[in-house]
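Here is a short tour of selected sites in one protein model. Keep the sequence and the 3D view open while you read.

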Amino acid sequence: MERVLVLAPHTDDGELGCGGTIAKFVEEGKEVFYIAFSSARQSLPPNYPEDTLVKEVKAATKILGIKRDNLIIFDYDVRKFSYVRQDILEDMIRLKRDLNPDLVLMPSPNDLHQDHQTVANEALRAYKEISIMAYELPWNNIIFRTEGFVPLEKRHVDIKMKALREYKSQQHRTYLNEDFIYGLAKARGTQIKRDYAEAFEVIRWIL
């Protein structure tokens, strides 16, 4: 497994769901691609320039170690992904053809956010012959099956947290709280007798 595709409905979802895993994979020499389907400019607080989240995701993914050319940002409108699901599916199919990933990391199909559900559902169609794991966003997940784990060292969680600090426009979000980020990683690590980990739903695993 050498080429990993991270599907983030909005900028920051990938870092929140699997930022530590991304940092570990990059450290191991894996080629990681980060796809953000929306810059979420509609969700910016007042008085922020429209390109704020584009700049922030570039800074955050740089900290994670993702190459600039491996960051792709689409411009779908927040909360309206379901209206253009076919366009999103076609983007995913093009990415599969162009990038040929071995593993796809995506939101959980049980994620309550409508955009996250659309990305998850279309990814199941686009990548059905590729290994898929779904990352955890607890504030959106009523149900989440912790079936897969990526053990992490503290440095990986530190990198994740450093990347998330680049989202200065989003620091009012409760889920960007440092205690929460480290606490969840610690809790998932405890499940597998490690110091830290990130958990995933295993959607499809091809050995």
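## Asn 141, between two strands

Asn 141 sits in the loop that runs between strand E5 (131-135) and strand E6 (148-152). The model is predicted. Asn 141 has a relative accessible area of 11%. That is under 20%, so Asn 141 counts as buried.

What does the side chain of Asn 141 reach? One of its polar atoms lies 3.0 Å from the backbone nitrogen of Leu 137. Beyond the neighbours within four places in sequence, Asn 141 is in contact with Ser 108, Asn 110, Asp 111 and Glu 136.

## Ser 169, a buried loop residue

Ser 169 also belongs to a loop, the one between H5 and H6. Is Ser 169 buried or exposed? Its relative accessible area is 1%, so Ser 169 is buried.

Look next at what surrounds Ser 169. Residues up to four places away in sequence are left out here. Ser 169 then touches Leu 44, Pro 45, Tyr 48, Thr 52, Leu 53 and Glu 56. One of these partners, Leu 53, is 116 residues away from Ser 169 in sequence. In space, the two C-alpha atoms are 7.6 Å apart. Ser 169 also has a polar contact with Gln 170, side chain to side chain, at 3.2 Å.

## How H5 and H6 pack

Two packed helices are described by the angle between their axes and the distance between the axes. Helix H5 covers residues 154-164, and helix H6 covers residues 178-191. Their axes come within 11 Å and cross at roughly 150 degrees. H5 is therefore roughly antiparallel to H6. The crossing of H5 past H6 is right-handed.

Which residues meet where H5 and H6 touch? H5 brings Val 157, Asp 158, Lys 160, Met 161 and Leu 164. H6 brings Glu 178, Ile 181, Tyr 182 and Ala 185. Sorted by class, this contact has 6 nonpolar residues, 3 charged residues and no polar ones.

## Glu 178, in helix H6

Glu 178 is found in H6 and is one of the residues that meet H5. With a relative accessible area of 38%, Glu 178 is partly exposed. Asp 158 is 20 residues from Glu 178 in sequence. Their C-alpha atoms are 9.9 Å apart in space.

Setting aside neighbours within four places in sequence, Glu 178 is in contact with Met 161 and Arg 165. Which of its contacts is polar? The side chains of Glu 178 and Arg 165 make a polar contact at 3.1 Å.

## Two positive phi values

Most residues other than glycine have a negative phi, and most peptide bonds are trans. Two loop residues are worth a look here.

Where is Arg 79? It lies in the loop between strand E3 (71-73) and helix H3 (85-99). Phi of Arg 79 is near 65 degrees, a positive value in a residue other than glycine. Arg 79 is partly exposed, at a relative accessible area of 44%.

Asn 100 follows on the chain, in the loop between H3 and strand E4 (103-107). Phi of Asn 100 is near 50 degrees, again a positive value outside glycine. The relative accessible area of Asn 100 is 54%. That is over 50%, so Asn 100 counts as exposed.

Definitions and conventions:
Residues are numbered from 1 along each chain as its sequence is written. This is a predicted model: local features need pLDDT of at least 70, side-chain atom pairs count only at pLDDT 80 or more; totals for chains, interfaces and linings use all residues. Side-chain values use heavy atoms; hydrogens and water are left out. Helices (H or I, at least four residues) and strands (E, at least two) are DSSP runs, numbered from the N terminus. Buried means under 20% relative accessible area, exposed over 50%, partly exposed in between (1.4 Å probe, protein chains only). Contact means heavy atoms within 4.5 Å. A polar contact is a pair of N or O atoms within 3.5 Å; within protein, one must be able to donate a hydrogen and the other to accept it, and residues adjacent in sequence count only if both atoms are side-chain atoms. Axes are lines fitted to C-alpha atoms, for helices over the stretch in contact, and angles run from 0 to 180 degrees between N-to-C directions. Angles under 35 degrees count as roughly parallel, over 145 as roughly antiparallel, 65 to 115 as roughly perpendicular and the rest as oblique. A crossing is left-handed if the near helix is turned anticlockwise from the far one by less than a right angle, and right-handed if clockwise. Ala, Val, Leu, Ile, Met, Phe, Trp, Tyr, Cys and Pro count as nonpolar, Asp, Glu, Lys and Arg as charged, and the others, Gly among them, as polar.
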